[in-house]
Amino acid sequence: MLSYQHAYHAGNLADVHKHSLLAWMLAYLTRKDKPLSYLETHAGRAIYDLSDAAAAKTGEAEAGIARTLPWFSAEHPYARAITATRAAHGGQSYPGSPAIAAHLLRAQDRMDLAELHPGEFNALRNAMSPLPAKCHRQDGFALAHAMIPPTPRRGMILVDPSYELKTDYEAIPGHIAKWHRAWNVGIIALWYPVLTSKTHQAMADRLQASYAGALRHEVRFAPARPGHGMVGSGLFVVNPPFGMAQEAARLNSHFDAL
Ligand code: SAM
């Protein structure tokens, strides 16, 4: 059984990186009225309480969103999603990726979320109801293989594994190649940790070599604890929306100044 629980890490600097760019992409996609599909392979519980024992134990949100929220204007889609979540769930709540997407998507859009952990899945389902999001308690890669290409074809998938299975690093480029062949217009966004061990590097290099025009974006930060192996956050995006590189560069300037 996998033991990773995102509650210990919600709102950390990697989440700020991933979630702010996710919100930016969804805001871009929803500028047009046309409906879209949003898929997630590893959804988590959607709503986190940053005052709970898990967040307090690591202090990662304190070093993350608590410090970095001023990087985003009140109109930035990430800030809007946080404000809406706090209005609905309390001032110490934090939106995971499904809650950010739920805030930005419209009635005409479709949302399919996979989460395998039973407790996280139940929390996700409760957080998402009564929204018309479909929550699937199944392996996220299998769900994506079954659903891609989605209807409507316009849209994106977020792939956000915990990488507890080291085989994910080997397998993910093959998954992405298959999805891209079947869905050449889809935006495929993969999050990965930047590690002192460089375990992520071969996967990221392989992806970068395979997709002309993709965006590989990495930010660096101090480890959450002395000796902790994660020293940055990466997002690899196939078919990045126009202008995303500028938003990513804006983030670099903030991360570099931390
Ligand atoms: N995407 C979430 C966010 O940004 O708010 C965080 C997701 S967390 C990094 C990874 C999640 O994947 C965990 O909740 C874990 O239970 C779940 N998980 C692990 N293996 C899975 C699998 N094979 N399929 C679907 N979910 C899985």
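Reader: How many Å separate an oxygen atom of the ligand from an N or O atom in the side chain of Glu 115?

Author: Start with the source: this is a predicted model. To read a polar contact, look for a pair of N or O atoms within 3.5 Å. Here the Glu 115 pair is 2.6 Å apart. Lys 18 gives another case: a polar atom of its side chain lies 3.1 Å from a ligand oxygen. Backbone counts too. A polar backbone atom of Leu 116 is 3.3 Å from a nitrogen atom of the ligand.

Reader: How much of the ligand does the protein bury?

Author: Compare with the ligand taken alone. By itself the ligand exposes 600 Å², and the protein buries 96% of that. The site is the largest pocket.

Reader: Which residues come nearest to the ligand?

Author: The ligand has 19 residues around it. The nearest are His 19, His 42, Glu 115, Asp 139 and Asp 160.

Reader: What classes make up the shell around the ligand?

Author: Sort by residue type. The shell holds ten polar, five charged and four nonpolar residues.

Reader: Now the rings. How many aromatic pairs does a search of the whole structure find?

Author: Nine. Read each by centre distance and plane angle. Phe 72 and Tyr 78 sit 5.0 Å centre to centre, with 85° between the planes, an edge-to-face pair.

Reader: Why do Phe 72 and Tyr 78 count as buried?

Author: Buried means under 20% relative accessible area. Phe 72 counts as buried because its relative accessibility is 7%. Tyr 78 counts as buried because its value is 0%.

Reader: What geometry do Phe 221 and Phe 255 form?

Author: A tilted pair. Their centres are 6.2 Å apart, and their planes differ by 35°.

Note on methods. Residues are numbered from 1 along each chain as its sequence is written. This is a predicted model: local features need pLDDT of at least 70, side-chain atom pairs count only at pLDDT 80 or more; totals for chains, interfaces and linings use all residues. Side-chain values use heavy atoms; hydrogens and water are left out. A residue is near a molecule or strand if one of its heavy atoms lies within 4 Å of it. A polar contact is a pair of N or O atoms within 3.5 Å; within protein, one must be able to donate a hydrogen and the other to accept it, and residues adjacent in sequence count only if both atoms are side-chain atoms. Accessible areas come from the Shrake-Rupley method with a 1.4 Å probe; for residues, only the protein chains shown count as cover. On a 1 Å grid over the protein atoms alone, a cavity is a set of points where a 1.4 Å probe fits but cannot get out, and a pocket is an open set with protein on both sides within 12 Å along at least five of seven lines; lining residues have an atom within 4 Å of a point. A molecule sits in a cavity or pocket if more than half of its atoms lie within 2 Å of its grid points. Ala, Val, Leu, Ile, Met, Phe, Trp, Tyr, Cys and Pro count as nonpolar, Asp, Glu, Lys and Arg as charged, and the others, Gly among them, as polar. Rings of Phe, Tyr and Trp (its six-membered ring) pair if their centres lie within 6.5 Å; planes under 30 degrees apart count as stacked, over 60 as edge-to-face and the rest as tilted. Buried means under 20% relative accessible area, exposed over 50%, partly exposed in between (1.4 Å probe, protein chains only).
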